[in-house]
Amino acid sequence: MPSFDSLFNAFVTILVTIDPPGLAPLFLAVTRGMNRGERNQVSVRASIIAFLVMALFAIAGASILSVFGITLPAFRVAGGFLLFFIAFEMVFERRQDRKEKIGDVAITKDMIHNIAAFPLAIPLIAGPGAISATVLLSGSFPGFGAQAALVGIIAICLVITYLVFVLAERIDRILGQTGRSILTRLLGVILAALAVQFVADGVKALMAT
């Protein structure tokens, strides 16, 4: 089984790339006009779909890469750069604007009945950053027990995301614009440090081959 530090780093990486607090106002925006029961149904379905997508990449990520002839170290470097770019957007408040545009497109195209799958589950929850982080982490969790632990971590992160959706109205009022801005920037700095570590590990592995 992986060490506690590895499990904790995986938890932080996945949770930060999903960014539940940043999704709370977007969840309210794309479910405007719905009552509490309808919002709860949407949040449950979106969390389940996102979990299935991320669990697939956690279990079969390396196999999916091998089909395209991509080594895990190479993907680790590329994924690290992608995560760093996401962290850059978080620190400078650009990611939220992009997510809001995605949410607006879904509403204007009259996709209200499918918002659990799009845009909530994909690409807002299980987006490129979260999927990349999951594939990167899967390389550090070899074996059935380790992969089961990683899937469990994903499940915990999605449960937290679901709870954030349920409490979205309260969280949005408590944090306010200033609170959301501070939290997003803080998480962005943490993600940037994790991204640099991914790149460093990937380059080291590439040089060793």
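Phe27 is buried, and Phe165 is buried too. In this predicted model, the two residues form a convenient entry point to the fold, since their rings pair up: the ring centres lie 4.5 Å apart and the planes meet at 10°, so the pair counts as stacked, the cut-off for stacking being under 30 degrees. The pairing also bridges distant parts of the chain, with Phe27 in helix H2 (residues 20–30) and Phe165 in helix H8 (residues 144–166), 138 residues apart.

In total, the structure contains 3 aromatic pairs. Another of them joins Phe88 and Phe92, whose ring centres are 4.7 Å apart. Here the planes stand at 45°, so this pair is tilted, because that angle falls neither under 30 nor over 60 degrees. Both partners are partly exposed: Phe88 has a relative accessible area of 32%, and Phe92 has a relative accessibility of 49%.

Helix H8 takes part in a helix packing as well. Two packed helices are described by the angle between their axes and the distance between the axes. For helix H1 (residues 4–18) and H8, the angle is about 40° and the axes are 10 Å apart. This geometry makes H1 oblique to H8, and H1 passes H8 in a right-handed crossing. On the H1 side, the contact is made by Leu7, Ala10, Phe11, Ile14, Leu15 and Ile18. H8 contributes Ala149, Leu150, Ile153, Ile154, Ile156, Cys157, Leu158, Ile160 and Thr161. By residue class, the contact of H1 with H8 comprises 14 nonpolar residues, 1 polar residue and no charged residue.

The loop between H1 and H2 holds a backbone feature worth a look. Most residues other than glycine have a negative phi. Asp19, although not a glycine, has a positive phi of about 60°. Asp19 sits in the loop between H1 and H2 and is buried, with a relative accessible area of 2%.

Stepping back to the whole chain, the protein has 9 helices and 0 strands, so from the N terminus on its elements read α-α-α-α-α-α-α-α-α. Of its 209 residues, 44% count as buried. Among the contacts in the protein with a separation of 6 or more, 86% are between residues 24 or more positions apart. The stacked pair of Phe27 and Phe165 illustrates a link between distant parts of the chain, running from H2 to H8.

Conventions: Residues numbered from 1 in each chain as written. Predicted model: local features only at pLDDT ≥ 70, side-chain atom pairs only at ≥ 80, totals over all residues. Heavy atoms only, no water. Phe/Tyr/Trp six-rings, centres within 6.5 Å; stacked < 30°, edge-to-face > 60°. Helix = DSSP H or I, 4+ residues; strand = E, 2+ residues; numbered from the N terminus. Buried < 20%, exposed > 50% of the residue type's maximum accessible area, 1.4 Å probe, protein only. Axes fitted to C-alpha atoms, helices over the stretch in contact; angles between N-to-C directions. Parallel < 35°, antiparallel > 145°, perpendicular 65-115°, else oblique. Left-handed = near helix turned anticlockwise from the far one by under 90°. Contact = heavy atoms within 4.5 Å. Nonpolar A, V, L, I, M, F, W, Y, C, P; charged D, E, K, R; others polar.
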